[in-house]
Every structure is written in structure tokens, then in C-alpha cells.
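Here's a quick tour of a model for you to click through while you read. Keep the viewer open and follow along.

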Number of protein chains: 2
Amino acid sequence: MKTRSSKAARLEDVAKLAKVSTATVSRALTLPHKVKARTLERVQQAARTLGYVAHGAARALASRRTHTIGAVVPTLDNAIFANTIQALQRTLDAAGYVLLLASHDFDADIEARVTRTLIERGVDGLVLLGTTHHPDIYRMLESHNLPYVLTWAFDESGNHPCVGFDNRAAGMCIANHLLDLGHRRFAMVSGITAHNERAQERLAGVREALSAHDIALSPGSVIEKPYTHSGGREGLREVLKGNEAPTAVICGNDVLAIGAIAECHAQGLKVPDDVSITGFDDMEMASLISPALTTVRFPTAEMGVYAANHLLARLDDRSVELRNKLPTELIVRASAAAPARK
Amino acid sequence: MKTRSSKAARLEDVAKLAKVSTATVSRALTLPHKVKARTLERVQQAARTLGYVAHGAARALASRRTHTIGAVVPTLDNAIFANTIQALQRTLDAAGYVLLLASHDFDADIEARVTRTLIERGVDGLVLLGTTHHPDIYRMLESHNLPYVLTWAFDESGNHPCVGFDNRAAGMCIANHLLDLGHRRFAMVSGITAHNERAQERLAGVREALSAHDIALSPGSVIEKPYTHSGGREGLREVLKGNEAPTAVICGNDVLAIGAIAECHAQGLKVPDDVSITGFDDMEMASLISPALTTVRFPTAEMGVYAANHLLARLDDRSVELRNKLPTELIVRASAAAPARK
DNA sequence: CCATTGCGTGTAAACGCTTGCACGAAGAAT
DNA sequence: ATTCTTCGTGCAAGCGTTTACACGCAATGG
């Protein structure tokens with residue numbers, strides 16, 4: 001039963017109907033304990049009959065709060081980021097906040113542009129992914145005094161609030177596992193390392209672990225590809241071209257690894273008999289493909305939850321630890337085994 | 001080089017620096033062709049030196065436009081929805097719009113609540129998924145006169161703007177394919193059909209195709225499970241319990257199908273030799289698992305693009321067709337084959 | 001019994017922008 | 001030269017809230 005015909009009800013309409021001032025209506029709706037129970041009820045009743053829905057922009061303008069958090073991610077096409085975002089959104093929603101989402105496809109300039117757009121839209125806080133960002137981004141964050149938190153990476157410099165884990169340690173971890181299995185000839189199908197410290201760190205971790213065994217990755221055995229299945233397929237093909245075929249191929253994430261495994265199948269290579277393949281992320285699919293993927297599990301959903309709570313706390317002027325390093329875990333499955341003796 | 005110390009620059013600051021009125025600055029920034037080239041340049045220069053970023057809420061309040069589009073999806077954890085959202089966000093971004101995102105985990109009440117929240121935040125338009133929604137949602141859309149578009153389903157009633165495809169036809173299509181292969185004993189691991197016309201329609205389509213061959217799905221051979229891998233695994237187990245084992249199991253989407261195939265592997269059943277498995281969606285993973293999945297391809301990204309353009313057109317007062325039925329395509333791969341002769 | 005406190009409410013001034021209207025200048029038409 | 005447009009700009013009135021402050025009243029304490 002709509003009472004007004006042309007336009008949506010405003011605070012003033014509710015006030016009139018409840019025979020109180022707009023101030024009281026405003027308080028009744030946002031700080032219920034501040035008004036007498038009797039008034040509260042009248043106001044609520046009036047709001048209900050009018051189908052009142054607050055005008056967010058007006059509210060934001062007056063209160064200088066939008067109750068909106070922005071998130072900028074490389075892409076949602078990778079299920080693993082979608083996972084973090086899903087957790088983030090859920091946690092924000094429970095606290096009455098809404099998520100503004102943007103993606104940039106691993107392009108630093110686009111990232112700067114969309115971040116600006118989000119700030120312009122008045123987000124109360126911002127979730128970014130990774131530590132490497134366009135200087136403009138950090139500049140805007142600072143000049144707007146905007147709470148933010150970096151995810152998916154742990155900022156060793158200590159300059160930025162962040163929640164993440166040690167990508168380098170993860171790289172070392174997987175490399176050591178393969179070394180333990182007896183592998184000595186390695187290749188890596190990495191993600192694009194430019195502007196992506198996650199990819200850089202994983203590669204660095206691998207290199208570090210290998211060098212402890214006096215093994216170096218030759219230039220031809222490190223291929224950078226976009227984080228897609230076809231990137232994994234191509235990467236595997238290129239890595240095989242080298243003079244000495246690797247017995248283990250470390251992929252920059254599970255998507256690449258799954259692509260690489262598919263390519264092995266296509267080429268008649270047996271995994272792990274002919275070649276061991278590993279990933280990073282432990283996305284759900286990792287356990288479902290065959291052979292099941294050996295990988296490193298990252299706390300994707302936890303990061304979303306933590307990022308949300310971190311920002312909510314700061315917006316509430318509650319104190320929080322600025323940085324949070326979450327644990328990772330080596331997940332041993334079937335895709336990596338001891339190399340065939342030759 | 002920040003010029004102001006404490007607070008962000010406002011329009012007035014820019015105006016002062018450029019020695020024009022705020023009106024002119026506003027116009028220079030939003031309707032550049034309305035001001036003289038010389039003035040425009042002065043204003044832009046001033047805006048740049050001050051690092052001016054418009055205040056979205058104020059702008060929205062005055063112009064009654066937020067340049068924000070809301071989207072409400074069941075979940076992002078299914079890559080296939082993430083795919084549509086990714087395309088949606090990209091298209092909106094290109095037009096200067098921003099995406100407010102919410103999810104509800106297939107809960108109709110949560111959906112109504114978050115939709116309300118988005119409307120409250122002042123979205124200019126709304127993208128919903130499916131045709132079945134809480135009456136409150138349609139009520140709010142109407143009373144706020146809010147442009148919206150339904151996706152992932154084609155509204156046969158003709159009451160709603162939509163972009164989607166014929167889920168029932170897709171169901172018939174996959175069933176007919178299996179019938180053509182010679183299957184006669186079927187089971188279906190469906191998604192939860194309550195409040196989900198997509199799941200209902202696919203099931204109905206399957207039933208319709210089978211009944212043309214005088215085959216009926218017994219109650220025990222239709223299992224409803226959440227759209228998760230483990231749902232697929234459990235579904236397959238339960239479906240196998242019936243007195244007559246099916247030679248073909250139609251799964252409600254690819255996620256269920258992948259789970260079902262994994263369960264077959266776990267049980268030592270060969271796909272497709274012992275049992276054929278099919279899905280819906282043709283998510284990327286469908287072609288990468290083994291056996292590769294026979295499924296029906298849905299135009300997921302196209303829906304996102306179309307939904308964005310549809311809303312953008314209406315917000316621009318350009319005319320658009322209200323409904324758009326996109327084609328689907330049977331993708332024949334290895335997971336379904338002729339049943340073994342017995 | 002008066003002063004003090006606290007509570008519930010109203011008044012009105014922001015909040016930072018957009019935009020209808022008015023105005024003057026300059027060019028076009030008569 | 002005079003009138004009519006057109007163009008570029010400024011003035012100022014909103015847009016729909018929140019919130020500091022003021023006010024009146026009741027309860028409390030001395």
C-alpha cells in the first residue's frame with residue numbers, strides 16, 4: 001500500500017506523519033536508544049507505512065560516512081580472488097557495510113584509475129591486493145586519510161596495514177618438497193612478475209631454495225605467463241623446449257598448474273611419472289583434478305574476513321594490529337612424486 | 001605536492017584558484033564542451049595542483065545520480081557467476097559507472113535485505129540474477145522507479161527486463177543428447193530447486209525430453225544438492241543407491257558434475273564407460289578435467305555485458321529491447337558416451 | 001524549596017555539489 | 001545602427017540528511 005504517488009518518502013514525510021521533528025526521526029532510525037520508546041515506535045510505524053528508505057547520498061554528505069568499503073582486485077575470473085571477495089563481502093554485510101568492487105586485469109594504470117573512482121564514490125575504507133601499487137594510489141590514500149589494508153601479501157617494510165602471508169616462504173616450501181623428493185632439474189611457469197610482488201616473491205623463494213642445493217634456474221626454464229589455463233599450457237610447452245627436460249615444473253598458481261597438467265595429458269606425458277607439477281593457492285579444484293595437485297594452501301577466505309574486520313575496527317576507532325601474517329600449508333597430493341630413475 | 005594540509009580540496013578551492021565560480025568548475029569537470037577552452041584549461045590545471053577529487057555523495061545528492069549500479073548474485077564462489085560479474089564490472093567501468101556488489105548464498109530473505117541496502121546506497125540501476133525474487137524486491141524496485149534487469153533467465157511472462165536463455169531448452173537438449181546416445185536409465189543431481197527457477201527449469205526440461213520417450217525420473221533418482229563439489233559427490237552416491245543404477249547422470253551444473261566425476265573416480269567407476277555424466281554452464285574447467293565434460297554452454301560474459309549496456313541505455317534515455325534471449329550450445333566432450341551393452 | 005543534572009526533543013546550520021535562471025558580451029540578422 | 005541570438009559565466013537555491021546546541025521538563029540532592 002503505497003501512500004505517496006510520485007516520489008519516494010523523505011525524512012520530513014516520516015517526521016510529519018509521526019508528528020516529530022526530522023532530527024528525532026533521524027535519531028530514532030540510527031540511534032534508537034536515544035529516543036523514548038513511545039516515540040521510537042511512532043516513528044518506526046510511520047517509516048513503515050511510507051515505505052521509507054533512507055537517501056544514502058544525503059546521509060553520506062551530512063555524516064561524512066558512506067558505510068561503503070571499496071575493493072580493488074586484479075580479476076574475479078580467478079576463483080581464488082573471488083573467494084577472498086566473497087568472504088570480504090559477507091563480513092562487511094554483517095556489519096552493515098556495502099562493497100564497491102573494481103578490477104583491473106593486472107594493469108597498474110587501470111588500477112590507479114579505478115581506485116580513484118572508488119575514492120571519489122566516497123568509500124570509507126579500501127581493500128587492495130598486493131603491496132605494489134601506483135604511487136598515485138598511495139598518494140590519494142594519504143591525502144584523503146583513508147583507512148586501507150593490503151591483502152594477499154605481507155608488507156615486510158612495515159609501512160602498510162596488511163593481511164597476508166609469506167609468498168617467498170611458500171616458494172621455498174614447494175621447492176624444498178620437490179628437492180626432498182629427489183628432483184634436480186626444475187622449471188618454473190611463473191605468473192607475470194612485473195608489478196606483482198606475489199609472483200616475484202614466489203619465484204625468489206624457489207630460487208633461494210634451489211640455490212641452497214647449488215641449482216640455478218636457467219633463463220629458458222623460467223617462463224612468465226598470465227594466470228590462465230592457456231598460460232599454463234603454453235608455459236609447459238615452452239619449458240619443455242629447453243635442452244634438458246625438467247623433471248619438475250613449479251607453476252605460479254593452481255590455474256597455471258591445472259593448465260600445465262592438461263597440456264601434459266594432451267602431449268601424452270604422465271603426471272607425475274614423467275614430470276611433477278605443482279601449484280600455489282590450493283583452490284578447490286586442486287583436489288578434484290587428476291592427478292590431484294600438490295600445492296600450497298593460502299588462507300584466502302580468512303584474508304577477506306580479516307581485511308573487513310580490520311577496517312571496521314579502525315572506522316570504529318578500535319585499535320587493531322596493523323599487520324597480520326597468516327600461515328600457509330604445504331598440501332601434498334599426487335601431482336608431484338619422485339622423479340623416474342634414468 | 002600537496003597544497004592543502006588538513007582536508008581534501010573542495011570545488012570551491014578549485015574555483016578560487018582558477019578564479020571562476022564553482023558553477024563553472026562543476027561544468028568544466030562534467031561538461032567540458034560547455035566552457036571556453038581557456039577556462040577549461042585553467043580549471044583543469046587548478047584541479048590538478050590541488051589534487052581535487054570530487055565528493056561523490058555531494059554530487060549524487062545534487063544531481064540525483066550516483067553513477068553506481070548494484071548487482072545481487074547468489075555467490076561469487078561459483079566461477080560462473082564471477083564470470084558474469086567480471087564482464088559486468090568491466091563494461092560499467094568503461095562507461096564511468098561503479099559496481100556495488102552483494103551476495104546472498106541462495107537465501108531469499110538475505111537477498112531482499114541486501115537489495116534494500118543497495119537501493120538505500122542509491123544505485124542508479126540494479127542487476128538481479130534469475131526471475132524468482134522476494135515480492136519486497138519487486139515492490140521496492142517499483143516504488144523507487146529503479147531500472148533493473150534480470151540475468152541468467154529469460155522471463156517468459158514478459159513482465160521484466162531480462163537477458164538470459166532458455167534453461168528448459170538446455171535441459172531438453174542435454175537429455176536428448178543422452179537419449180540419442182542410447183541411454184534409457186537416468187538420474188539427475190539437481191541444484192536446490194526451491195526459489196530457483198533456473199534449477200527448476202533445467203529439471204523440467206530433462207523430464208520433458210525423457211517423457212517423450214516414455215521415461216520418467218523416479219523420485220529416488222532426482223537428488224537436490226547445493227551447487228558445490230561435495231554436493232556433486234554426495235548426489236552421485238545417493239543416486240547410485242537406487243535399485244537400478246543409472247547409465248547417465250545429469251548434473252544441475254558443472255560444479256556438481258565435476259564433483260560427481262571425482263566421486264566416480266573415488267569409487268572406481270569409469271566415466272563414461274560405466275556411467276555418463278553431464279553438466280550445465282561450460283565453465284572453463286569443464287574442458288580441462290578428465291574426462292572432459294559434456295555440458296551446455298551458457299553465454300555468461302555476454303549476459304554481464306548486455307546487462308550493463310541495457311541499464312546504461314535506459315539511464316541515458318536511449319531505447320533498448322526489454323528482453324534478450326541468448327543462444328545456448330551443446331558442448332559434446334568425453335564424459336558422456338553410449339552406455340555399455342549389457 | 002531551589003539548584004543541579006540529565007533526558008528527550010526541536011531548531012537550524014552545515015555537508016559539497018549541480019543546475020535553473022539571469023545577465024552581459026559578442027556575433028548575426030535585419 | 002538596432003534588434004535578436006547565442007554563448008559563457010555567475011548567482012543562489014536547492015538536494016535530504018546529520019548533529020551541535022538550546023530548551024524545557026522531571027527527577028535528584030542538598
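What follows covers how the chains meet, what sits around the DNA, and the nonpolar core.

This is a predicted model, where local features need pLDDT of at least 70, side-chain atom pairs count only at pLDDT 80 or more, and totals for chains, interfaces and linings use all residues. Residues are numbered from 1 along each chain as its sequence is written, while chains are lettered from A and ligands numbered from 1 in the order in which they are written.

**How the chains meet**

The contact takes 48 residues from chain A and 48 residues from chain B, with two residues in contact if their C-beta atoms, placed from the backbone, lie within 7 Å. On the chain A side, α4 (56-63), α5 (79-94), β2 (98-103), α6 (108-120) and α11 (254-267) each supply at least two residues. The top contributor there is α5(A), with 7 residues. Helices (H or I, at least four residues) and strands (E, at least two) are DSSP runs, numbered from the N terminus.

Strand β2(A) also pairs with β2 (residues 98-103) of chain B, antiparallel, over 3 bridges; pairing takes at least two DSSP bridges between the strands. Within that pairing, Leu99(A) stands opposite Leu101(B).

Now for the symmetry. A turn of 180 degrees and a shift of 0.1 Å along the axis lay chain A on chain B with an RMSD of 0.1 Å, superposing by least squares on C-alpha atoms of residues with pLDDT of at least 70 in both copies. The two copies are therefore related as by a two-fold rotation axis. Both use the same surface, since 100% of the contact residues of chain A recur in chain B.

**Around the DNA**

Here a residue is near a strand if its C-beta atom, placed from the backbone, lies within 6 Å of it.

| DNA strand | Residues around it | Closest residues |
|---|---|---|
| C | 26 residues | Ala23(A), Leu11(B), Ala23(B), Ser26(B), Ala62(B) |
| D | 25 residues | Leu11(A), Ala23(A), Ser26(A), Ala62(A), Ala23(B) |

For strand D, α2 and α4 of both chain A and chain B give two or more residues to the nearby surface.

**The nonpolar core**

The largest nonpolar core has 175 residues, and Leu99(A) and Ala260(B) are among the members touching the most others. Such a core is a set of buried Ala, Val, Leu, Ile, Met, Phe, Trp, Tyr and Cys residues joined through C-beta atoms within 7 Å. Buried means 20 or more other C-beta atoms within 10 Å of the residue's own; exposed means 12 or fewer, and partly exposed is in between.
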